[in-house]
Amino acid sequence: IFLYFFIAISVLKTTDSSKKNNFFQINTPRRIYHLRAESEDEMNFWINGVSSVLRRLNSNVDESESQMQLEVETLNNRISDLENDNAKYRRALSIVAQELGMTIDEILAQVEKGKDQINPDENSISLHAEPS
């Protein structure tokens with residue numbers, strides 16, 4: 001028998017009364033494997049060994065899930081921070097647009113054209129302002 005332990009769900013002593021001596025089973029989602037050891041000690045050795053492997057496999061899954069949940073939570077927190085910053089900057093931009101008599105879209109259009117300074121008299125943005 002070749003069995004991938006990562007698909008196994010559990011291993012235990014067989015409770016079937018027709019299989020009395022040294023029988024144990026490995027349960028998978030699709031099948032139950034009934035096995036027989038030479039002695040009770042050997043049966044216990046196999047049950048303990050397979051159980052140990054299953055615990056380690058399950059703990060690795062739990063660690064991976066925990067790590068992934070932590071990463072998702074961190075990303076969600078970052079998204080929330082960015083959304084809060086965005087709302088703050090939109091409010092500030094709205095105030096500036098109102099002071100200049102422009103709309104937010106007009107200011108953003110000028111910024112997209114590569115302009116980086118606003119000249120309220122000309123209702124436009126220029127790349128470099130000359131000192132007064």
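**Exercise 1. Work out how many helices and strands the chain of this predicted model has, and in what order its elements run.**

Step 1. Counting the elements in the predicted model gives 2 helices and 5 strands in the chain.

Step 2. Reading from the N terminus on, the elements follow the order β-β-β-α-α-β-β.

**Exercise 2. Determine how much of the chain is buried and what kind of atoms supply its exposed area.**

Step 1. The chain has 132 residues, of which 20% count as buried, where buried stands for under 20% relative accessible area.

Step 2. About 10,500 Å² of the chain is exposed, and carbon and sulfur atoms supply 51% of that area.

Step 3. Turning to contacts with a separation of 6 or more, residues 24 or more positions apart account for 18% of them.

**Exercise 3. Identify the residues of the largest nonpolar core and the elements that give two or more residues to it.**

Step 1. The largest nonpolar core has 10 residues, namely Ala-8, Val-11, Phe-24, Ile-26, Tyr-33, Ala-37, Met-43, Ile-47, Val-50 and Leu-54.

Step 2. Two or more of these residues come from strand 2 (23–27) and likewise from helix 1 (40–100), and helix 1 provides the largest share, 4 residues.

Step 3. Another core, of 6 residues, lies apart from this one and includes Leu-93, Ala-97, Met-102 and Ile-107.

**Exercise 4. Decide which residues of helix 2 are buried and which are exposed, and explain why the buried ones line one face.**

Step 1. In helix 2 (residues 104–112), the buried residues are Ile-104, Ile-107 and Gln-110.

Step 2. When the helix is seen down its axis, these buried residues fall within an arc of 130 degrees, and therefore they line one face of helix 2.

Step 3. The general geometry agrees with this reading, because an α-helix has 3.6 residues a turn, so that residues three or four places apart point the same way.

Step 4. Asp-105 and Glu-112, on the other side of helix 2, are exposed.

Step 5. Just after helix 2 comes Gly-114, which takes a positive phi of about 100 degrees.

**Exercise 5. Establish where the predictor's confidence is highest and lowest among the elements of the chain.**

Step 1. For the chain, the mean pLDDT is 78, and 73% of the residues reach 70 or more.

Step 2. Among the elements, strand 2 has the highest mean pLDDT (89), whereas strand 5 (residues 124–126) has the lowest (48).

Step 3. Over residues 125–132 pLDDT stays under 50, and for this stretch the model has 18 contacts beyond four places in sequence.

Notes:
Residues numbered from 1 in each chain as written. Predicted model: local features only at pLDDT ≥ 70, side-chain atom pairs only at ≥ 80, totals over all residues. Heavy atoms only, no water. Buried < 20%, exposed > 50% of the residue type's maximum accessible area, 1.4 Å probe, protein only. Arc of directions from axis to C-beta. Contact = heavy atoms within 4.5 Å. Areas by Shrake-Rupley, 256 points an atom, 1.4 Å probe, with all protein chains shown as cover. Core = buried A, V, L, I, M, F, W, Y, C linked by side-chain atoms within 4.5 Å. pLDDT = per-residue confidence, 0-100.
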